[in-house]
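Got the viewer open? Here is a short tour, one selection at a time.

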Amino acid sequence: MGAHQGLGAYQAIVGWMTGLGVPDWLAGILYRVGAGLLMMVFISVVVLWLIYMLRKEMGHMQLRMGPNVTGPLGLFQTVADAIKILTKEDIIPAAADRPIFMLAPFVVFFSTGMLYMVLPLAPTWIINNVNVGLLFFVAFGSLTAFGIMMAGWGSNNKYSLVGGMRSVAQIVSYEVPMVLSLLGVAMLAGTLSTGGIVGAQRHVWFILLQPLGFLIYFLCGLAETNQTPFDLPEGESELVSGFNTEYSGMRFALFYLAEFANSFAISAMITTLFLGGWHGPVLPFLPWLWPFIWFMVKTLLVVFVMYWIRSTWLRLRIDQVMSLTWKVLVPLALLNVFISVGEMAIVRVIGG
Amino acid sequence: MSTDQLGSLLVFAGLAFLVVGGGLGVVFFRNVFHAAVSMAFAFLGVAGIYFSLQADFLGVIQVLIYIGAVAVIIAFAIMLTRRGDMAETNRFVSPGQLALGALTAAGLWVALLGLGLSQWPGQPAQAPPLPAGTDLTLSLGQLLLSQMALPFEIAAVLLLVALVGAVLIAREDHPGQGRREQPGEVGKS
C-alpha cells in the first residue's frame with residue numbers, strides 16, 4: 001500500500017514511532033487504526049452539528065424556534081439526545097431474523113464510513129488517495145442498499161420490507177444517471193482520483209463547465225441518501241418510517257448516524273467534484289488550515305441547500321421517482337457526456 | 001519472512017477468514033437468505049484481498065458489481081420466491097446429489113491446484129515489473145478500447161441479449177385484456 005499514502009504525515013508519524021522502538025509493521029497498523037479513529041471522531045462531530053443545523057434550519061423555515069433550551073442556543077440538545085438514545089434498551093422483535101436484523105445497521109454504517117476514506121478535506125488530508133477514488137465512492141455508496149435491504153428483511157415486518165425494497169430500487173436506478181454524470185468530470189480532469197480532480201479545478205470550478213452534470217449529481221445524491229423529496233423508504237405517513245421501524249436504541253442510532261454522515265459525504269463529494277474542493281484564498285493567518293475551512297464552508301453550504309429542500313418540498317410518489325430517473329435524468333446525463341466531449345474538443349483546439 | 005511483511009500477512013489472514021467463512025456459510029446455512037448475505041461477505045473479503053494486492057480498480061469493481069448488483073439481485077430473487085418456512089430453504093436434497101457435489105468440488109480443487117503449480121508454455125515465470133508511476137486504470141482502459149475492443153464489445157452484446165431476454169420473459173401477454181392502467185394515470189381516462 002506504500003504507493004499512495006495519503007495524509008502527508010504518514011512518513012513523519014511512522015518515523016517518529018519507529019524512533020521510539022516500535023517495529024515497522026506495528027507502526028503501520030497503529031497509524032492506520034489511528035487514522036480510522038480520527039475519522040470516526042470527525043464523523044461523530046459532523047453528525048452532531050448536522051442534526052442541530054437541520055432542526056434549527058427547519059424550525060426557522062417553518063416559523064418555529066428549533067431547539068433553544070439545552071445549552072446556549074440549544075447547542076447541547078443533540079448531545080443530550082445522543083446520550084438518551086445510547087442508554088435506551090435495544091429491542092429485538094421476537095419474530096425477527098435475528099442475525100440479519102442485528103448485522104444490518106453495521107453494514108450500513110460500514111459502507112458510510114468507507115466513503116470518508118477518499119474525501120480530500122485539504123491538500124494532504126485524505127486517508128487514502130486511491131487512484132480510483134471516484135469509483136470507490138460510488139461503489140461503497142451502493143453498498144448501503146444491501147444493508148438497508150437486510151434491515152427491511154430482518155425486521156420481519158411488511159412495512160419495513162416495502163421500505164427496504166423501495167430503497168434498493170431507488171438506489172440501483174439512480175446509480176445509472178449518477179455514474180453517467182460523473183463521466184464528464186472524470187473526462188475533464190483526466191483522472192479518477194478525488195485529490196487529482198480537486199487539483200484539476202485550480203483555475204475554473206467544474207460547476208461552470210458542467211452545470212447539467214452538477215444538477216444531475218445533486219438530485220441523484222438526494223436519492224442515494226434517501227432524503228426528501230426521495231425519502232419514500234422511510235415515508236412516515238405510509239410506512240411508519242420504513243426499514244427502521246423495528247429498530248431502537250443503539251442500532252437505531254447507527255442508522256440515524258449513517259443517514260446524516262451520508263448526506264455530509266454526498267455534499268463533500270459535490271464540493272470536491274464541482275465546487276473546487278479546498279481551493280480558495282489563503283490568508284497569512286494559519287495558512288495550513290484555510291483549505292480545510294474552505295472545504296467545510298462549501299460543504300456545509302451544500303448541506304444547507306439539501307435541508308432547505310427537505311424542509312420545503314413534498315415527497316414524490318414511487319412511480320414519479322422511477323420515471324424521473326429513467327425518462328429524464330438518464331437522457332440528460334447522456335446529453336451531458338456529449339457536452340463534455342465537445343468541451344474537451346474545444347479545450348484541445350485552443351490548447352488549454 | 002521478514003517482519004515488515006507481518007502486517008500484510010495479518011490483513012491477509014483476516015480477509016481469507018472472511019472469504020472462506022463466507023463461502024462455507026453459503027453452503028451450510030439452512031436459510032437461503034442467510035446464505036445470500038454470507039456470500040456478500042465473501043465478495044467483500046475478495047475485494048479486500050484485491051485492495052491489499054494494490055489492484056484498486058479490480059477491488060472497486062468487485063464491490064460495485066458483485067455486492068452492489070449481483071448480491072442485491074440474488075436477494076431480490078429469494079424474496080420473490082419466498083416459502084412458508086424460510087429456515088429450511090437451503091438443504092441437501094439427496095445423498096446422491098451430495099456425493100456428486102463433493103466429487104465436483106474435489107475435481108475443481110485438483111484442477112485449480114494443477115493450474116496454479118504448472119506453467120503454461122510460453123508463460124514467463126513472473127510478470128515483468130511495471131515501470132514506476134504506471135496508472136493501472138489508464139492502461140486498462142486503453143487496452144480495453146484498442147487491443148481488446150472486440151471481446152469488450154462482445155461482452156456488451158451478451159449483456160444486451162440478457163436484458164432483452166429478461167424483458168421477453170417478464171412481459172405478460174393478455175390478448176383479451178386492454179392495457180393495464182398505470183398508477184400515475186388514475187382518473188385521467
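Before you click on anything, one working definition: helices are DSSP runs of H or I with at least four residues, and they are numbered from the N terminus. Keep in mind too that this is a predicted model.

**Stop 1: helix H11 of chain A.** Select residues 249-274 of chain A, which make up H11, and find A:Tyr256 and A:Phe260 there. The two are four residues apart in this helix, so about one helical turn separates them. Now show the side chains. The ring centres lie 5.1 Å apart with the planes at 65°, and since planes over 60 degrees apart count as edge-to-face, this pair gets that label. Buried or exposed: where does A:Phe260 fall? A:Phe260 counts as buried, because its relative accessibility is 1% and the cut-off for buried is under 20%. Its partner A:Tyr256 is partly exposed, at 34%.

**Stop 2: helix H2 of chain A.** Move to residues 24-61 of chain A, which form H2, and pick A:Trp49 and A:Tyr52. These sit three residues apart in the helix, about one turn. How many aromatic pairs does a search of the whole structure find? The search gives 20 over all chains. A:Trp49 and A:Tyr52 form one that is tilted, with 5.5 Å from centre to centre and 45° between the planes. Try a surface view here: A:Trp49 is partly exposed, with a relative accessible area of 38%, whereas A:Tyr52 counts as buried at 9%.

**Stop 3: a ring cluster.** Next, select A:Phe42, A:Tyr116, A:Phe264 and A:Phe292 together. Ring pairs link these four into a cluster.

**Stop 4: a loop residue with an unusual sign.** Go to A:Leu63, in the loop between H2 and helix H3 (77-86) of chain A. Check the backbone: phi of A:Leu63 is near 55°, a positive value in a residue other than glycine. A:Leu63 is also exposed, with a relative accessible area of 81%.

**Stop 5: where chain A meets chain B.** Colour by chain and select the contact, which takes 34 residues from chain A and 34 residues from chain B. About 2,900 Å² is buried between the two chains, and carbon and sulfur atoms give 80% of that area. For the big contributors on the chain A side, pick A:Trp25, A:Phe146 and A:Trp153: they supply 24% of the area that chain A buries against chain B, more than any other three residues. Which elements of chain A give two or more residues to this side? They are H2, helix H4 (98-115), helix H5 (133-154) and helix H6 (158-189). H5 of chain A gives the most, with 11 residues. By class, this side of chain A has 25 nonpolar, five polar and four charged residues. If you go hunting for salt bridges between chain A and chain B, the count is zero. Residue pairs in polar contact across this interface also come to zero, with both residues required to be at pLDDT 80 or more.

**Last stop: zoom out.** Show chain A as a cartoon. Chain A has 13 helices and zero strands. Of its 352 residues, 51% are buried. Among the contacts in chain A with a separation of 6 or more, 77% come from residues 24 or more positions apart.

Definitions and conventions: Residues numbered from 1 in each chain as written. Chains lettered and ligands numbered in written order. Predicted model: local features only at pLDDT ≥ 70, side-chain atom pairs only at ≥ 80, totals over all residues. Heavy atoms only, no water. Phe/Tyr/Trp six-rings, centres within 6.5 Å; stacked < 30°, edge-to-face > 60°. Buried < 20%, exposed > 50% of the residue type's maximum accessible area, 1.4 Å probe, protein only. Contact = heavy atoms within 4.5 Å. Buried area = accessible area lost by both parts, 1.4 Å probe. Salt bridge = Lys/Arg side-chain N within 4 Å of Asp/Glu carboxyl O. Polar contact = N/O pair within 3.5 Å; in protein donor to acceptor, adjacent residues only side chain to side chain. Nonpolar A, V, L, I, M, F, W, Y, C, P; charged D, E, K, R; others polar.
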